[in-house]
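Visitor: I am new to this structure and would like to see one part of it closely instead of hearing a little about everything. Please choose a single region of the interior, go through it slowly, and tell me how far I may trust what I see.

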Amino acid sequence: MVILGAEDIKEVDVDALAMRVFLKALEILGGPRRLIEYRNLTWVPSLIQASYAVVLSRELMKTEDQIAQYLGITRQTVRNMLRADEELVMKKLEGELKEKSLKAHTAGGLAKMAYREIKEGRDSLDLLVSILGPAGEALDITWPVEVLRRIKGLKFPISEEDLKSRLSGMRIEGRPVEELLDELEYPIKNPADLLRKIKQALES
């Protein structure tokens with residue numbers, strides 16, 4: 001059985017979107033430090049699996065069987081993730097944080113909430129900035145971090161006028177940001193879409 005075909009991969013960057021969902025789920029939890037405080041880093045694999053399950057289900061319309069085969073987990077676990085009650089999960093979350101294992105429905109509920117937040121334009125910018133910061137400095141590529149800092153709080157999709165207002169005065173690799181923004185295709189769906197389009201403009 002072909003689970004992810006060439007067309008799937010071309011249309012949706014599954015890994016990138018699943019990672020964004022995972023980071024947003026961590027943010028909803030209160031950040032990685034909260035997991036460390038409760039000594040339950042074993043939650044991380046479950047959250048990653050749930051993030052992939054939600055992305056594969058919502059973006060690629062994969063069945064529970066296909067998702068289970070792709071992730072190497074049972075169909076029932078996938079079902080629990082995808083059918084999780086988000087509100088109920090938030091009510092039980094505080095108690096489960098003290099447990100050593102994360103229930104499938106809790107991981108699924110968090111991933112579903114995170115996916116919805118991302119689709120509504122609320123990416124995990126604090127975590128993205130913290131992750132990109134050291135890497136950007138090491139590679140002498142700091143503009144993505146500065147862009148993310150400046151657009152924090154904006155709702156997506158976003159217009160050219162809003163972007164020019166927030167990014168005014170910036171220069172990216174020697175070019176005025178306004179010049180680059182004129183070359184982008186609008187609307188911009190989310191922060192990751194913005195960074196990708198700016199990079200494409202720089203390379204063109």
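Guide: Helices here are DSSP runs of H or I with at least four residues, numbered from the N terminus, and in that numbering Met-90 is found in helix H7. What you see is a predicted model, of 204 residues, 47% of which count as buried, and the protein has 13 helices and two strands. Among its contacts between residues at least 6 apart in sequence, 64% join residues at least 24 apart.

The part I would choose is the largest nonpolar core, which has 35 residues, and in which Val-21, Leu-29, Leu-47, Ile-67 and Leu-110 touch the most other members. The elements that give two or more residues to this core are helix H2 (14-29), helix H4 (43-60), helix H5 (64-71), helix H6 (75-82), helix H7 (86-96) and helix H8 (104-119). Apart from this core lies another, of 21 residues, with Trp-143, Ile-151, Ile-158 and Ile-188 among them, but I shall leave that one aside.

Let us take helix H4 as a way in. Ser-51 has its place in this helix and, with a relative accessible area of 1%, is buried, since anything under 20% counts as buried. If its neighbours within four places in sequence are left aside, Ser-51 is in contact with Ala-18, Val-21, Phe-22 and Ala-111, and Val-21 appears again among the core members that touch the most others.

Beside Ser-51 in the sequence comes Tyr-52, which belongs to the one aromatic pair counted in the model. Its partner is Tyr-70, and the pair is tilted, with 6.3 Å from centre to centre and 50 degrees between the planes. Tyr-52 lies in helix H4 and Tyr-70 in helix H5, 18 residues apart, so that the pair links distant parts of the chain. The relative accessible area of Tyr-52 is 17%, and this residue is therefore buried, whereas Tyr-70, at 33%, is partly exposed.

Helix H6 shows how burial can be arranged along a helix. Its buried residues are Val-78, Met-81 and Leu-82. Seen down the axis of H6, these buried residues fall within an arc of 90 degrees, so they line one face of the helix.

We can now return to Met-90, which is partly exposed, with a relative accessible area of 36%. Beyond its neighbours within four places in sequence, Met-90 is in contact with Ile-28 and Met-113. Met-90 and Gly-109 are 19 residues apart in sequence, and their C-alpha atoms are 8.1 Å apart in space.

As for trust, the protein averages a pLDDT of 77, and 75% of the residues score at least 70. Confidence is highest in H6, at a mean of 94, and lowest in helix H1 (residues 6-11), at 47. Over residues 6-10 the pLDDT stays under 50, and the model has three contacts beyond four places in sequence for them. The stretch of residues 135-140 is also below 50, again with three contacts in the model beyond near neighbours in sequence. Where pLDDT is low, the predicted coordinates should not be read in detail.

Technical notes:
Residues numbered from 1 in each chain as written. Predicted model: local features only at pLDDT ≥ 70, side-chain atom pairs only at ≥ 80, totals over all residues. Heavy atoms only, no water. Core = buried A, V, L, I, M, F, W, Y, C linked by side-chain atoms within 4.5 Å. Buried < 20%, exposed > 50% of the residue type's maximum accessible area, 1.4 Å probe, protein only. Contact = heavy atoms within 4.5 Å. Arc of directions from axis to C-beta. Phe/Tyr/Trp six-rings, centres within 6.5 Å; stacked < 30°, edge-to-face > 60°. pLDDT = per-residue confidence, 0-100.
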